[in-house]
Every structure is written in C-alpha cells, then in structure tokens.
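Here is a short briefing for a first look. It covers enclosed spaces and aromatic contacts.

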Amino acid sequence: MAEFSGLSVVIVGGLHADARRAAVARLLTEVPGSVVLHHDLATAAAGTVVRTIRDATGVVDAGEAPLVNDCACCALREDLVPELVRIRDGGGTRLAIVELWDSVEPKAMAEVVTSGGLTVTGVITAVDPALVLPCLGNGDDLAEGGLAAAATDQRTVADTFARQLEYAPVLAVADSEEADDEDRELLRQLHPTARQVPIGHGDPAGAPSPLVRAAFAGFDTEAADAAQHPACALLPAEADAHGVSTLVWHRRRPFHPERLYAALEDLTCAAARSRGRFWLADKPDTLFHWDAAGGALCVESAGPWLASLPDAAWEMVPPVRRAAAALDWHPEHGDRCQHLVFTSPGLDRDGLEQLLESCLLTDAEYAAGRDAWQRMPHAFDTLLEV
C-alpha cells in the first residue's frame, strides 16, 4: 500500500447505488479516522444540493450548497474542494471518502479535487455484475429516471454507466446472487485492465482488505485522461468466453462515408458496447471517435491524426499520444486507421465483420486516390453538425 501524508481522498461512484453504498460502508468501517462526504443531487429541483459528512458513528455535519447556473453538478464542483480542505485542516482525518451521487461521473470530480491541491489516492466504481447488461442496454435519458444532474443534462443511463465503469482503474464488485458467469465475463471484457476487488468483508486477521488497499493505491488524473482519449485509449482485446465476445476490428483503409452512414444503426445495435476511432475517406485528416451504448451512437471529431500535422506541431502533442501512434505507425497512412471494438453477449462476429468490411472503400475507390475520396458525399456532416 502506498503511503501518503496528510489527507487521502478516494472517490467512489457508480449508478449501482446499493453496491456503491456497501463499498463506502466497508471503507468507513475498516479505515480508522475516515469520513464520508456526500452531495445529494436529488434535491436539486428545490434549488439546493444537500451535503452530509459522516463518520463511523453517523452524521457529523450537514449543510446545503446553492445551485450554480441551475446546475447541481456545478454546485457540487464549487462546494467539494472547500469542504475537503476544511476536513483536511481540521486534522484527525486520514481518509475522505467522496461518495458520488448516482449519475455523477468520476473523471470531472477527480480532476477538480486534484486541481484543488488535494491528493486523490483512489478512484473506484462500485458494480453489481447482474446490473451491467441492463445498464448498458438502457438508452433512456437520465432525466426520465430522476437522475439528471442539471436541467440541460441529456446523457443516457447507458453512456453514463459506460464512462463510470471505464474511467475507474478499480471496480468494487458486489457479491450478487443474481449474477452468473456471463455477467461476470461481460464485466471483465468491458474493462479488462481494471483491478476488480470484492466489497466483501475485512480480513479477520486484521490485514487491510483489497478494497482498502485500492483506496490508498494512488491515482494519476493525467494518465487516466489519456487512457480515455480515442487516439490512445486502452481498448479491450479479443476475447470469447461464457457466451460473451469482444471483436477487435483493425484496418488500414478508410470508410466510404455514405456506406458507413447507412450502416450506423445496424452497427450500433450489434453490441452492448462499442468504441474506438475511425477514418472517413472524405475527411482524411480528422480522427473520429466512436462511442456507442444503449442502442445510441455518439460520433465526434477528436482532432487531427498526427500524420496530418506538420513536424513542428508534434512537440505540442502529449508524449503518450506520440508513443501510441508510433506503436501503430503505417509507412503510407501514419496513424490513420480503423480501430473499433465491440463487446456483447451473443455477438455475431462474422456478420459484424462482413458489415464493417462492406463499408470500406473498394479496391477501385481506394486506387482513385485522396483527391477523389474528398469529393465523395459528406454524409456525416449533419451528424457532426459541420
């Protein structure tokens, strides 16, 4: 376990509220001198966010934070660091457990806490394996379930859960009687690099549980951010077990914009979760991000491919991105490529591959060259709001 002086902050989040509360309770029980800081955004409709601080004996402080620009999540950001600083300066607290409200995503909160000069030693998403597929398949808006963090919040249950799951390096896994091997395998394939720790119980011999060790293991917000960027994301690898498959599709030929656009619905619905980066023939210098869950797809520009940049601009690119590009560099196309990953129970791998292949340029289209590609219909302009 890494050692940190002063106050350590661990962020625990997730839409699976029972699992999250159990993980928080376990940390509070096992770590002497710990407190839980929680902002309840359910009261936002009344104009405030309710803040509570509790220790192992119960609530020790409570208050309200007014909304900021009618945004409950903004109020949380404004209130979080001052409260943590107050806890730190009060002394006697070893660990501050920030329990995020249901739909709050850990990335923004970890970055806010770090930028406030505090030490985030862990980011944990609590998960019930039996609820992973239902969450990924839920394309409802958060607002429909009373989970929106602001009046303008247009996120869905599926995409919110996917980001909560994939950002955290540690998953606190509930011992769910309803979960089967397929559920656990889906969780493993969705985030294979995550450290899974049981919420479970403490060690009777008094040794710290895996959950406690994870809370103090250390966390790097810059590395976590890079791991989510479509140009260098740590995407899942090929896998096939317990009825769950992950297909990694990698090609060096651009997509025909019209054929890909026509196939979007079938591709989006082909898997519970798909993500990655792709290359359109009519926009050869733009790296596009593919992000699909719950039957909905988000496509957006993620900036230029490195191969399209002048040499002088490379010094402005983060080293992790340059390293990722170098590992997959093509003599003709540079880092331009298709790298899409599809994960789902019952995945039709052959059908999916055939559909993807049909969207690539044909040999004749490819041979026509880049000038001809850029004259192709710009089918994605409406979707991208260009």
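How much space lies in the second largest cavity? About 30 Å³. The model is predicted. A search of the whole structure finds 2 cavities of 30 Å³ or more. Ring contacts come after the cavities below.

**Second largest cavity**

- Its lining is made up of Leu37, His38, His39, Leu76, Leu80, Val98, Glu99 and Leu100.
- Three elements each supply at least two lining residues: β2 (34-40), α2 (72-90) and β5 (95-99).
- Strand β2 gives the most, with 3 residues.
- By class, this lining divides into 5 nonpolar, 2 polar and 1 charged.

**Largest cavity**

- The largest cavity holds about 70 Å³ of space.
- Nonpolar residues in its lining include Ala231, Leu287, Trp305, Leu306, Ala324 and Ala325.
- Charged residues also line the largest cavity, among them Arg277, Arg321, Asp328 and Asp335.
- The class count for this lining is 6 nonpolar, no polar and 4 charged residues.
- Helix α10 (residues 319-327) provides the largest share of the lining, 3 residues.

**Aromatic pairs**

- The count comes to 11 aromatic pairs.
- One of them joins Trp279 and Trp373, with ring centres 6.3 Å apart.
- The planes of Trp279 and Trp373 stand at 75°, and over 60 degrees counts as edge-to-face, so this pair is edge-to-face.
- Trp279 belongs to strand β11 (residues 273-280), while Trp373 belongs to helix α13 (residues 370-373).
- The pair therefore ties together parts that are 94 residues apart in sequence.
- Are Trp279 and Trp373 buried or exposed? Both are buried.

**Ring cluster**

- Which residues do ring pairs link into a cluster? They are Trp249, Phe255, Tyr261, Phe278, Phe288, Trp290, Phe342 and Phe380.

**A charge over a ring**

- Which residue lies over the face of Tyr366? Arg253 does, at 4.5 Å from the ring centre.

**To recap**

- The two cavities hold about 70 Å³ in the largest and about 30 Å³ in the second largest.
- Helix α10 gives the largest share of lining residues in the largest cavity, and strand β2 gives the most in the second largest.
- Among the aromatic contacts, Trp279 and Trp373 form an edge-to-face pair, and both residues are buried.

Terms used
Residues numbered from 1 in each chain as written. Predicted model: local features only at pLDDT ≥ 70, side-chain atom pairs only at ≥ 80, totals over all residues. Heavy atoms only, no water. Phe/Tyr/Trp six-rings, centres within 6.5 Å; stacked < 30°, edge-to-face > 60°. Helix = DSSP H or I, 4+ residues; strand = E, 2+ residues; numbered from the N terminus. Buried < 20%, exposed > 50% of the residue type's maximum accessible area, 1.4 Å probe, protein only. Lys NZ or Arg CZ within 6 Å of the ring centre and 35° of its normal. 1 Å grid on protein atoms, 1.4 Å probe; cavity = no way out; pocket = protein on both sides within 12 Å on 5 of 7 lines; lining within 4 Å. Points joined across faces, edges and corners; volume = space filled by probe spheres on them.
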